[in-house]
Amino acid sequence: MKKYTNDELKEIYRARRKTLASEMQAHGVGACVFIDSEEHREPALPYYTNHPSDGVLIIFSDGYTVLVPWDENLARQQAQYDKLVPYTRYKNKDIDAILAVLNVCYTHGENSKVELPPYLTYPTYLKFIDALASYDCRCKEDGLHQFVVESRMVKDEYEIECTREAARVGDLIIDEIEKQVRKGKIKTESDVALLIEKRLREHGCQRTGFDTLAAGPSRSFAIHAFPGYTAAEWPAQGLSILDFGVVYNGYTSDTTLTIAKGPLTAAQEKQLDLVQKAYDECVKLYKPGRPIMEAAKKADSVFAAAKRKMPHTLGHAIGLEIHEQPRVSPRTAPEVLFKPGMILTCEPGLYDVEIGGTRLENDVLITEDGNEVITHSRIIRL
């Protein structure tokens with residue numbers, strides 16, 4: 001991955017905040033508040049500051065940014081901001097911290113509109129209204145916070161580079177898993193899940209993007225096996241699934257491979273072929289300017305022709321979160337198009353208690369003239 005200087009990183013995060021500030025000015029909002037805590041994880045915190053979690057972020061309409069982190073030491077080392085105020089100064093109370101920052105930094109002469117997060121509970125919102133009585137507080141589902149969600153749909157160069165690196169490491173792990181499986185060194189679901197945990201950290205990644213799902217033939221009928229993995233044999237005769245992602249600089253990959261260990265039944269062979277066909281047909285539709293729903297409808301039509309139905313959407317965007325907007329679904333509005341810079345999964349799958357499960361998932365970067373599949377998961381036959 002390209003090495004970014006600190007000045008380059010500062011400019012990347014400053015540019016994102018500038019885009020939000022322009023939107024705030026257009027809507028006459030003076031300050032926008034984001035709160036990341038155990039109660040609600042807010043990806044805007046890392047998106048605008050590179051601080052991983054737990055803190056209050058206030059961005060003003062001129063782009064001036066105040067970060068109130070729980071972990072002051074970590075924030076000073078890696079976060080991007082204009083002013084840092086330790087959370088402990090306000091006894092870790094977000095309302096007190098926000099009021100103090102607004103009182104110190106706000107230019108009342110311009111306007112006093114403050115947009116609060118739409119994920120606040122109603123009782124908490126009332127507390128904010130009381131505490132910030134001198135400000136014109138707003139809380140809207142379709143406001144600035146939704147603008148941030150939509151902004152994150154199209155990745156900038158740095159986000160694409162981070163996701164590419166996560167994809168590269170994930171591919172290395174997939175290749176090693178296949179080698180070890182063929183040599184008989186991986187014997188259980190736990191073996192493969194713990195191998196992923198070890199290798200991703202050896203390659204500079206931070207964590208898995210979600211709890212790894214490793215399911216042998218007796219459990220692969222579940223879309224998301226519960227528990228994620230056990231001491232059961234993996235892969236065993238039949239169809240086994242492995243769904244995992246790795247995170248690099250906050251950005252995750254998301255891949256699913258199926259291992260088909262023979263001898264297989266005719267029904268299992270047919271299911272493998274159907275999923276591969278759906279994947280091959282649908283990924284060709286991940287192109288700029290095309291309605292996203294078209295790809296999802298194509299998957300449904302492939303399966304419907306065989307009198308089968310996929311119980312989940314064809315895919316979703318990835319980034320700072322494992323499931324981001326837009327969704328690749330037949331219910332996605334027809335005006336929502338694939339755009340250059342989007343990174344989305346393509347993951348057709350079929351599941352049956354007797355047959356087992358089959359899913360094939362890769363991450364697809366939409367480019368100016370088509371797409372690039374940046375991960376290389378596959379159906380592995382033994």
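The term pLDDT denotes the predictor's confidence in each residue, from 0 to 100. This is a predicted model, in which local features need pLDDT of at least 70, side-chain atom pairs count only at pLDDT 80 or more, and totals for chains, interfaces and linings use all residues. Residues are numbered from 1 along each chain as its sequence is written, and side-chain values use heavy atoms, with hydrogens and water left out.

The chain has an average pLDDT of 96, and 99% of its residues score at least 70. The extremes among its elements, which are DSSP runs numbered from the N terminus (helices H or I, at least four residues; strands E, at least two), are tabulated here.

| Element | Residues | Mean pLDDT |
|---|---|---|
| Helix H4 (lowest) | 94-105 | 92 |
| Strand E18 (highest) | 362-366 | 99 |

The whole structure contains 6 aromatic pairs, meaning rings of Phe, Tyr and Trp (its six-membered ring) with centres within 6.5 Å; planes under 30 degrees apart are stacked, over 60 edge-to-face and the rest tilted. Tyr4 and Tyr158 make an edge-to-face pair, 5.0 Å centre to centre with 90 degrees between the planes. This pair joins the segment before helix H1 (6-26), where Tyr4 lies, to helix H7 (residues 157-182), which holds Tyr158, 154 residues apart. Both Tyr4 and Tyr158 are buried (under 20% relative accessible area, with a 1.4 Å probe and protein chains only; exposed is over 50%, partly exposed in between). Ring pairs connect Tyr4, Tyr13 and Tyr158 in a cluster.
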